[in-house]
Amino acid sequence: QHPTTPLPSPPARGCRPSTTSTTRTHARTMANFARFSGLRANNARVGATVAPVHTRQLALRRGDLQIRCARVAGVEIPNQKRTEVALTYIFGIGLTTAQAILDETGIDNKRVKDLSEEELTTLRNEVESYMVEGDLRRKVAMDIKRLKDIGCYRGRRHIAGLPMRGQNTKNNARTRKGKSVPIAGKKK
């Protein structure tokens with residue numbers, strides 16, 4: 001500010017002056033723009049000549065194609081994890097099944113990002129032979145619906161939202177029963 005210009009009065013407690021915050025926000029925006037576009041932040045002023053930064057080489061430029069996750073059975077499995085663990089992200093494949101898939105295909109248990117395209121194709125073809133994801137979810141839902149329709153004990157327990165494998169329900173069973181609801185006048 002110019003020395004003759006009077007300083008603004010301090011803002012009320014909890015408030016920020018609009019001019020200062022706008023200037024600060026603008027400066028932050030320009031700094032972010034400069035950083036992400038590969039330019040020096042101190043040169044990114046209005047009217048200043050802008051020189052590109054050559055001190056740091058980026059592995060990938062903006063706009064380059066980058067594979068983040070491999071897609072198997074319609075699910076994006078993580079790139080950083082080993083294949084054995086990454087396959088367990090698919091509904092219907094646990095650790096034992098994942099190990100069996102790797103044994104049958106002969107693929108090493110390396111990180112997903114290190115797999116070649118041929119290995120991924122082999123993996124996809126092998127996983128297709130298992131019932132996973134939507135088909136498995138649909139089958140489980142149909143099995144439960146069948147139990148409800150025929151009115152057997154397990155079906156009635158499904159309808160009531162209670163455990164169906166003989167567990168006691170006097171004290172626990174909160175997973176099936178849900179959050180406890182207090183009943184008025186039930187004390188003793």
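In this predicted model, Arg124 and Glu117 pair through their side chains in a salt bridge, with an N to O distance of 3.6 Å. Arg124 is partly exposed because its relative accessibility is 26%, and Glu117 is likewise partly exposed, at 48%. The count of salt bridges comes to seven. The points below cover other salt bridges, the nonpolar core, helices H4 and H3, and a loop residue, Gln80.

**Salt bridges**

- Side chains of opposite charge can pair when their charged atoms come close.
- Glu76 and Arg71 form a salt bridge of 3.4 Å, N to O.
- Glu76 has a relative accessibility of 48% and so counts as partly exposed; Arg71, at 46%, is also partly exposed.
- Arg138 and Asp135 are joined by a salt bridge of 3.0 Å, N to O.
- Both Arg138 and Asp135 belong to helix H5 (residues 133-150), where they sit three residues apart, about one turn of the helix.
- Arg138 is exposed, with 52% relative accessible area, whereas Asp135 is partly exposed, with 47%.

**Nonpolar core**

- The largest nonpolar core has 18 residues, and those touching the most other members are Ile77, Leu87, Ile90, Ile93, Leu123 and Val127.
- At least two residues of this core come from each of strand S1 (69-72), strand S2 (75-78), helix H3 (95-105) and helix H4 (117-128).
- Beyond four places in sequence, Val127 touches Val72, Ala73, Leu87, Ile90, Ile93, Ile101 and Val132.

**Helix H4**

- H4 consists of twelve residues and spans 17 Å from first to last C-alpha, close to the 16 Å expected at 1.5 Å a residue.
- Its buried residues are Glu119, Leu120, Leu123, Glu126 and Val127.
- These residues lie on the same side of H4, because they cover an arc of only 125° around the axis.
- The exposed residues Glu118 and Glu128 are carried on the face of H4 turned away from the buried side.
- S1, helix H2 (83-86) and H3 are among the elements that cover the buried residues of H4.

**Helix H3**

- In H3 the buried residues are Ala98, Ile101, Leu102 and Thr105.
- They fall within an arc of 95° when viewed down the axis of H3, so they line one face of the helix.
- An α-helix has 3.6 residues a turn, so residues three or four places apart point the same way.
- The buried residues of H3 pack against H2 and H4.
- On the face of H3 turned away from the buried side are the exposed residues Thr96, Asp103 and Glu104.
- The side chain of Thr105 reaches the backbone oxygen of Ile101 at 2.9 Å.
- Thr105 also touches Thr122, Leu123 and Glu126, leaving out residues up to four places away in sequence.
- Gly106, just after H3, has a positive phi of about 75°.

**Gln80 in the S2-H2 loop**

- Gln80 is located in the loop between S2 and H2.
- Gln80 counts as exposed because its relative accessibility is 51%, the cut-off being over 50%.
- Outside its neighbours within four places in sequence, Gln80 contacts Arg111 and Lys113.
- The side chains of Gln80 and Lys113 make a polar contact of 3.4 Å.
- Gln80 and Asp114 are separated by 34 residues in sequence, and their C-alpha atoms are 9.2 Å apart.

Notes
Residues numbered from 1 in each chain as written. Predicted model: local features only at pLDDT ≥ 70, side-chain atom pairs only at ≥ 80, totals over all residues. Heavy atoms only, no water. Core = buried A, V, L, I, M, F, W, Y, C linked by side-chain atoms within 4.5 Å. Buried < 20%, exposed > 50% of the residue type's maximum accessible area, 1.4 Å probe, protein only. Helix = DSSP H or I, 4+ residues; strand = E, 2+ residues; numbered from the N terminus. Contact = heavy atoms within 4.5 Å. Polar contact = N/O pair within 3.5 Å; in protein donor to acceptor, adjacent residues only side chain to side chain. Expected span 1.5 Å × (residues − 1). Arc of directions from axis to C-beta. Salt bridge = Lys/Arg side-chain N within 4 Å of Asp/Glu carboxyl O.
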